[in-house]
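Notebook open, model loaded. I'll jot down what I look up as I go, starting with one spot and widening out later.

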Amino acid sequence: MCGIVGYIGQQEAYPILIKGLHRLEYRGYDSAGVAIINPDDRLNIYKHTGKVAELETFCEAKDIAGTVGIAHTRWATHGEPSDINAHPHYSTNGKIAIVHNGTIENYNVLKQALIQHGCEFVSQTDTEVVVKLIEYIQTSNNCTLLDAVREALSQVVGAYAIAVIDSDHPDTVIAARKSSPLVIGIGDGETFIASDASPIIDYTNRVVYLRDNEIAIISRNEPLKVITTDNKESKIDIQTLRMSVSQLEKGGYPHFMLKEIFEQTETIFDCVRGRVVNDTIKLSGVSDHPDRFINAGRIIIVACGTSWHAGLIGARLIENFARIPTRVEYASEFRYANPVINSDDVVIAISQSGETADTLAAIKLAKERGAFVYGVCNVVGSSIARETDTGTYIHVGPEIGVASTKAFTGQVTVLAMLALAIAQLKGTASRSQVAEVARSIQKLPELIKETLLLNPQIEKLSSTYTYVHNFLYLGRGYNYPNALEGALKLKEISYIHAEGYPAAEMKHGPIALIDKEMPTVVIAPDDDLHEKVISNIQQVKARGGSVIAIVTRGDTTIPKIADHVLEIPPVPEALSPIIAAIPLQLLAYHIAIMKGCNVDMPRNLAKSVTVE
Ligand code: M6R
């Protein structure tokens, strides 16, 4: 939700800022802006509604010179997307500029107080309040920019990652964070600031992840200094990035989403690597805390969106193999539900980005109430990864497309390994049961490769469904959450309304919707419930509906009744959602492309939801 970039050094800031904004555009893309202090110490600010490319056009022939600057790509929270509401926001004297990711909850109280002091506002944003507050404090207390920022932050309630520049102090950038991510890249005589490491990796792999309530003082030609908001010096922990520039590029694919779907052969290999050893599962997050899992009374999974769907599959895996009662909660509901949490509960938080505000809040609540919290994250060093007691990274590499694809299959793979690791520990699954699934986990990359061969067939059949208005997705058992996920994929990128249901629930209501205008995707691999799903397909066909069925290769019944059949390779039932997810992803992708939608940046969405 909003991306921030900052630069101070010897190079021209503008190209670095713009390139960084492009990398962060997945976080928000309704407007963008830059603020640069030029060589005459004048602060130039350019902002424009729309994507970063539109800002670039707007900046043509403008004074963009300068070696210090900040920039922002926005996902609107306070105030509609507009030139005025775009960041950077600036002080009344036009000298201080700020970019902000997060939300200031008490902005209205602060705004009213500043208005009483004669302050005027031009935008509807919460961020303008922060920069005007900094200016007010600086003027009234006659203090340094740093002291003014520190004092302002002590008055602010909410979440923020900010970067501030002041044309009276052109050799310094002040950055701070609380509950929104901020990374500082340490180069040679230059320093970078960004919401994640992607704008930094081209220049340096040495980074510092700012912690909550820390303020970084980044001065030209001086070492980085970090203090806390209560003015204590913080220890600087420089980490080495394990990311490559190629992971952030499309690599010949027309869209990140397609690249990420096709990458799953390798991403699942990376996810499994070193974790299946001699037909057993090795997860240090489990083996380092055996008592927590052996004595767990219950497991509660918290997540949002696609990660929540992965959680539903995870719960079934854990109950099936590890025999621990497991429930799955939307993090946004859990945090406000006053949930009963016991000290012998294990809470599993699933998040690709590791920055989702609701999931982070759910973790904090669970920890306060004494639960042990296990993270399943993708982004290394993210807030959720750091906030949890332990966990497992899914290691699928940066996911840029807003629609989650490779992260979903990575999450389900980790949850399958987690269920088996707990089962080994508790003895709830036999050695041979674990070995059988473990061996199949190792074969997943090969099976994914085979499944991706469906792409041309799916592309062709997508043209039949480009202009329908509704879709139904049905699945049972492990594949019921996959029906939800398939529906979410389609609606978020193609804007076609879609609903996922457990197949047997169809007769309790949704069947009323079925007619020849309403196609149904049925996930029907060869499993224990196969016969029952065949009856559901018959019910759809009897009402004139068309059926796209995902079946196991060799199925002889469904091809006779379904309109389109997508064959996936045989795979054990517990792992079938990983393979069946792939045709669902490809179907959503091709339908959206045929409708002319921007699949990587669908309207109204952002990759990382760091606000409530
Ligand atoms: O980063 P997270 O996994 O915590 O994100 C959760 C959801 O915001 C995310 O899965 C969202 O639903 C995606 N757009 C789905 O494709």
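**Entry 1: Ala-574**

I started at Ala-574, which sits in the loop between strand E26 (564-568) and helix H20 (576-594). A caveat before going on: this is a predicted model. Buried or exposed, I wondered about Ala-574? Its relative accessible area is 9%, and buried means under 20%, so Ala-574 is buried. I then listed what Ala-574 touches beyond four places in sequence, and got Leu-317, Phe-321 and Tyr-478. I also took a distance to Ile-561: 13 residues away in sequence, and 26 Å from Ala-574 in space, C-alpha to C-alpha.

**Entry 2: domains**

Next I pulled up the domain assignment. It splits the protein into domain 1 (3-246), domain 2 (250-429) and domain 3 (453-601). How far apart are the centres of domain 1 and domain 3? Over C-alpha atoms I get 45 Å.

**Entry 3: the whole chain**

I stepped back for the overall numbers. I count 20 helices and 26 strands in the secondary structure. The radius of gyration is 25 Å, close to the 25 Å that the globule rule gives for 612 residues, so the protein is as compact as a globular protein of that length. The box around the C-alpha atoms, along the principal axes, is roughly 80 × 55 × 45 Å.

For burial, 61% of the 612 residues count as buried. I looked at contacts with a separation of 6 or more too, and 71% of them are between residues 24 or more positions apart. The exposed surface comes to about 23,000 Å², with carbon and sulfur atoms supplying 48% of it. On charges, I have 56 positive and 70 negative, and their mean positions are 5 Å apart.

**Entry 4: His-100 and the cis peptide**

Where does His-100 lie? I found it in strand E6 (residues 96-104). At a relative accessible area of 2%, His-100 is buried. Its contact list, leaving aside neighbours within four places in sequence, runs to Cys-2, Ile-4, His-72, His-87, Asp-126, Thr-127, Ala-159, Tyr-160, Ala-161 and Ile-162. For a distance I picked Ile-238, 138 residues along the chain from His-100, with the C-alpha atoms separated by 24 Å.

His-87 in that contact list made me check the backbone there. A cis peptide bond joins His-87 to Pro-88, with omega about 0°. I placed Pro-88 in the loop between strand E4 (68-74) and strand E5 (89-90).

**Entry 5: positive phi**

I went looking for positive phi angles outside glycine and noted two residues. Ser-179 has a phi of about 65° and is not a glycine. Its loop runs between strand E8 (169-178) and strand E9 (183-186). Asp-279, also not a glycine, has a phi of about 60°. I found Asp-279 in the loop between strand E15 (276-277) and strand E16 (280-281). With 26% relative accessible area, Asp-279 is partly exposed.

**Entry 6: three more loop residues**

Which elements flank His-117? Helix H3 (107-116) comes before its loop and helix H4 (127-141) after it. The relative accessibility of His-117 is 51%, and exposed means over 50%, so His-117 counts as exposed. I checked it against Arg-211 as well: 94 residues apart along the chain, 33 Å between the C-alpha atoms.

Ser-382 is in another loop, between strand E20 (372-377) and helix H13 (383-387). I get 1% relative accessibility for Ser-382, which counts as buried. Not counting residues up to four places away in sequence, Ser-382 touches Ser-353, Gly-354, Glu-355 and Cys-377.

I finished with Tyr-203, in the loop between strand E10 (191-194) and strand E11 (206-209). Tyr-203 has a relative accessible area of 26%, so I logged it as partly exposed. What does Tyr-203 touch, not counting residues up to four places away in sequence? I got Gln-11, Ile-16, Lys-19 and Phe-192. Tyr-203 and Phe-192 are 11 residues apart along the chain, and their C-alpha atoms are separated by 8.7 Å.

Terms used. Residues are numbered from 1 along each chain as its sequence is written. This is a predicted model: local features need pLDDT of at least 70, side-chain atom pairs count only at pLDDT 80 or more; totals for chains, interfaces and linings use all residues. Side-chain values use heavy atoms; hydrogens and water are left out. Helices (H or I, at least four residues) and strands (E, at least two) are DSSP runs, numbered from the N terminus. The radius of gyration is taken over C-alpha atoms; the globule rule is 2.2 Å times the number of residues to the power 0.38. Buried means under 20% relative accessible area, exposed over 50%, partly exposed in between (1.4 Å probe, protein chains only). Contact means heavy atoms within 4.5 Å. Accessible areas come from the Shrake-Rupley method with a 1.4 Å probe; for residues, only the protein chains shown count as cover. Lys and Arg count as positive and Asp and Glu as negative; His and the chain ends are not counted. The place of a charge is taken as NZ of Lys, CZ of Arg, CG of Asp or CD of Glu. Domain bounds come from an automatic or database domain assignment.
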